[in-house]
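Q: I would like to work through a structure one feature at a time. Where should we start?

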Amino acid sequence: MFHPGKVIEVFSPKHKKVQASDSTVQAMLDMWDENTLTVMVDKKLETGIRKDDIVLVDYTTPKLRVTKILRDEVAKSTWKQYKDHHQKRKQATAMQRQPPLVMQQESYVG
């Protein structure tokens with residue numbers, strides 16, 4: 001199972017403001033379902049990942065990691081599809097939580 005996310009920040013040991021105990025790279029992500037996660041970036045993608053990229057995160061392993069970087073139309077359409085789906089789910093949930101409308105009857109005096 002893979003989930004798309006948008007890169008908010010990349011944490012590389014090569015960055016001047018990052019002090020690291022190892023050579024791995026992590027990315028902070030805004031996920032399609034409004035979660036924020038920081039996950040490992042696959043070694044093969046470490047030099048190519050950048051802020052605002054749309055990425056796929058592998059959820060099938062115990063350690064979540066970025067396995068794909070999506071760009072251009074593929075990135076835009078993937079992000080839109082997931083965000084639209086999430087918005088529909090939120091609206092459906094909100095509708096289910098609303099109490100039913102109760103019509104007040106007019107009192108009749110006669």
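**Reading the chain, feature by feature**

A: Start with one residue: Val-74 is partly exposed, at a relative accessible area of 48%. The model is a predicted one.

Q: How is 48% turned into a class for Val-74?

A: Two cut-offs are needed: under 20% relative accessible area is buried, over 50% is exposed, and partly exposed covers what is in between. Val-74, with 48%, is therefore in the middle class. Asp-72, with 62%, is exposed.

Q: Which element holds Val-74?

A: Val-74 sits in helix α1, and Asp-72 is found in helix α1 as well. From Val-74 to Thr-93 there are 19 residues along the chain, and their C-alpha atoms are separated by 29 Å.

Q: What is the order of elements in the protein chain, from the N terminus on?

A: The order is β-β-β-β-β-α, which amounts to 5 strands and 1 helix. The radius of gyration is 22 Å, whereas the globule rule gives 13 Å for 110 residues, so the protein chain is more spread out than a compact globule.

Q: What box do the C-alpha atoms of the protein chain fill along the principal axes?

A: The box is roughly 85 × 30 × 25 Å.

Q: What percentage of the 110 residues in the protein chain is buried?

A: Buried residues account for 28% of the 110. The exposed surface of the protein chain is about 8,700 Å², with 53% of it supplied by carbon and sulfur atoms.

Q: How are contacts in the protein chain spread over sequence separation?

A: Take the contacts between residues at least 6 apart in sequence: 47% of these join residues at least 24 apart.

Q: How many aromatic pairs does the count give?

A: The count gives 1 aromatic pair. Trp-32 and Tyr-82 form this pair, with 5.1 Å centre to centre and 65 degrees between the planes. The cut-off for edge-to-face is over 60 degrees, and the pair of Trp-32 and Tyr-82 is edge-to-face.

Q: Which parts of the chain does the pair of Trp-32 and Tyr-82 tie together?

A: Trp-32 belongs to the loop between β2 (26-31) and β3 (36-41), while Tyr-82 belongs to helix α1 (residues 72-97), so the pair links parts that are 50 residues apart in sequence.

Q: Is Trp-32 buried or exposed?

A: Trp-32 is buried, at 7% relative accessible area. Tyr-82 is partly exposed, at 27% relative accessibility.

Q: Where is Glu-34 found?

A: Glu-34 is in the loop between β2 and β3. Its relative accessible area is 46%, which makes Glu-34 partly exposed.

Q: Which residues is Glu-34 in contact with, leaving aside neighbours within four places in sequence?

A: They are Lys-83, His-86 and Lys-90. For His-86 there is also a C-alpha separation: 8.8 Å from Glu-34, with the two residues 52 apart along the chain.

Q: What sign does phi have at Glu-34?

A: The general idea comes before the case. Most residues other than glycine have a negative phi. Glu-34 is not a glycine, yet its phi is positive, at about 75 degrees. Asp-72, also not a glycine, has a positive phi of about 55 degrees.

Q: How far apart are the mean positions of the positive and negative charges of the protein chain?

A: The mean positions of the 19 positive and 14 negative charges are 4 Å apart.

Terms used: Residues numbered from 1 in each chain as written. Predicted model: local features only at pLDDT ≥ 70, side-chain atom pairs only at ≥ 80, totals over all residues. Heavy atoms only, no water. Helix = DSSP H or I, 4+ residues; strand = E, 2+ residues; numbered from the N terminus. Rg over C-alpha atoms; globule rule 2.2 N^0.38 Å. Buried < 20%, exposed > 50% of the residue type's maximum accessible area, 1.4 Å probe, protein only. Contact = heavy atoms within 4.5 Å. Areas by Shrake-Rupley, 256 points an atom, 1.4 Å probe, with all protein chains shown as cover. Lys, Arg positive; Asp, Glu negative; His and termini not counted. Charge placed at Lys NZ, Arg CZ, Asp CG, Glu CD. Phe/Tyr/Trp six-rings, centres within 6.5 Å; stacked < 30°, edge-to-face > 60°.
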